[in-house]
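Colleague: Before I trust any of the labels on this one, I'd like you to justify them for me. Can we go through them together?

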Amino acid sequence: MSDKDCLFCKIIAGEIPSEKVYEDDTTYAFKDINPKAKVHVLVVPRKHYANVAELAAADPQQLAHMAQVAQNIADQEFHGAFRLIFNTGIDAGQTVFHVHAHVLTGEKLDE
Ligand code: 5GP
Ligand code: ZN
C-alpha cells in the first residue's frame, strides 16, 4: 500500500481528524477510536513502514523512541505501567499497515 492510500498517513497529515496525545518531529500519538483499555493510544512514526519488523530493520532508533513515548504516556496515566502491542500480519489482527504501537494503560490490565 502506498502512503497516499494509508489511513494513518492521512491521520498524521491531518487529513483525517484524531485525538492527539503527543507529537514531535518523528512521532505522532493519538487515541484509538475503539479503545480496549481505559487509556488506549496508538504511537506511530511519521514515516510510513508496514510493520514493526520493517521499522526495526530500517530505523531501530525510531522504534526505541516509540517505546520511550509509550513510557512517558504511561508515566502520566498510570504510574508507568503499560502494555505495548504490535499486531503484525493479518492473522495476528493487523488491520492498518502503517506500523503502530498499541499502548494500553490507565487501569490494571488482565493477565
Ligand atoms: P491493528 O488492528 O492494525 O493492530 O490496529 C488498528 C487500530 O486502529 C485499531 O485498534 C482501530 O481501532 C484503530 N483505528 C482504525 N481506524 C481508526 C481511525 O480512523 N481513527 C483512530 N483513532 N483509530 C482507528
Ligand atoms: Zn502510512
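**Labels and the reasons for them**

Modeller: Let's begin at leucine 7: leaving aside neighbours within four places in sequence, leucine 7 is in contact with Ile16 and Val96. Keep in mind that this is a predicted model.

Colleague: What makes Ile16 and Val96 contacts of leucine 7?

Modeller: The cut-off is on C-beta atoms placed from the backbone, which have to lie within 7 Å. Ile16 and Val96 are listed as contacts of leucine 7, so they pass that test. Leucine 7 itself is found in helix H1, residues 7-13.

Colleague: Why is leucine 7 called partly exposed?

Modeller: Leucine 7 has 14 other C-beta atoms within 10 Å. Buried takes 20 or more and exposed takes 12 or fewer, so with 14 leucine 7 falls in between and is called partly exposed.

Colleague: And lysine 36, buried or exposed?

Modeller: Exposed, with 11 other C-beta atoms within 10 Å. The limit for that label is 12 or fewer, so 11 qualifies. Lysine 36 has its place in the loop between E2 and E3, and its C-alpha atom is separated by 9.8 Å from that of valine 103, 67 residues apart along the chain.

Colleague: What about histidine 100, buried or exposed?

Modeller: Buried: 24 other C-beta atoms lie within 10 Å of histidine 100. The label needs 20 or more, so 24 meets it. Histidine 100 lies in the loop between E4 and E5. Not counting residues up to four places away in sequence, histidine 100 touches Phe8, Leu42, Val43 and Val44.

Colleague: How do you know that His100 is an "active site"?

Modeller: That label comes from UniProt, where an unreviewed entry places the feature at His100. Such annotations may be inferred rather than shown by experiment, so I'd quote it as the record's statement. The annotation "domain: HIT", also from an unreviewed UniProt entry, covers residues 7-111. In the model, that span is 30% helix and 23% strand, and its end C-alpha atoms lie 31 Å apart.

Colleague: On to the sheet. What makes E1 and E2 a pair?

Modeller: Three bridges in the antiparallel sense. Pairing asks for at least two, so three is enough. One bridge joins tyrosine 22 to its partner in E2, alanine 29. The two strands form a hairpin with three residues between them.

Colleague: And what makes E2 and E3 a pair?

Modeller: Five bridges join E2 (residues 27-31) to E3 (residues 39-45), and the strands run antiparallel. Against the minimum of two, five bridges make them a pair, so the label holds. Lysine 31, for instance, has valine 41 as its bridge partner in E3.

Colleague: What is the strand order, and why is the sheet open?

Modeller: The order is E1-E2-E3-E5-E4, with antiparallel pairing, and the five strands form an open sheet. E1 (20-23) and E4 (83-85) stand at the edges with a single partner strand each, so one side of each has no neighbour in the sheet. From one strand to the next the twist averages 20°.

Colleague: Which helix packs on the sheet?

Modeller: Helix H3, residues 60-77, touching E1, E2, E3, E4 and E5 (101-105). The direction of H3 makes about 20° with that of E5.

Colleague: Last one: which residues come nearest to ligand 1?

Modeller: Ile33, Asn34, Asn87, Thr95 and Val96, out of the 14 residues around ligand 1. The shell divides into six nonpolar, six polar and two charged residues.

Notes
Residues are numbered from 1 along each chain as its sequence is written. Chains are lettered from A and ligands numbered from 1 in the order in which they are written. This is a predicted model: local features need pLDDT of at least 70, side-chain atom pairs count only at pLDDT 80 or more; totals for chains, interfaces and linings use all residues. Helices (H or I, at least four residues) and strands (E, at least two) are DSSP runs, numbered from the N terminus. Axes are lines fitted to C-alpha atoms, for helices over the stretch in contact, and angles run from 0 to 180 degrees between N-to-C directions. Two residues are in contact if their C-beta atoms, placed from the backbone, lie within 7 Å. A residue is near a molecule or strand if its C-beta atom, placed from the backbone, lies within 6 Å of it. Ala, Val, Leu, Ile, Met, Phe, Trp, Tyr, Cys and Pro count as nonpolar, Asp, Glu, Lys and Arg as charged, and the others, Gly among them, as polar.
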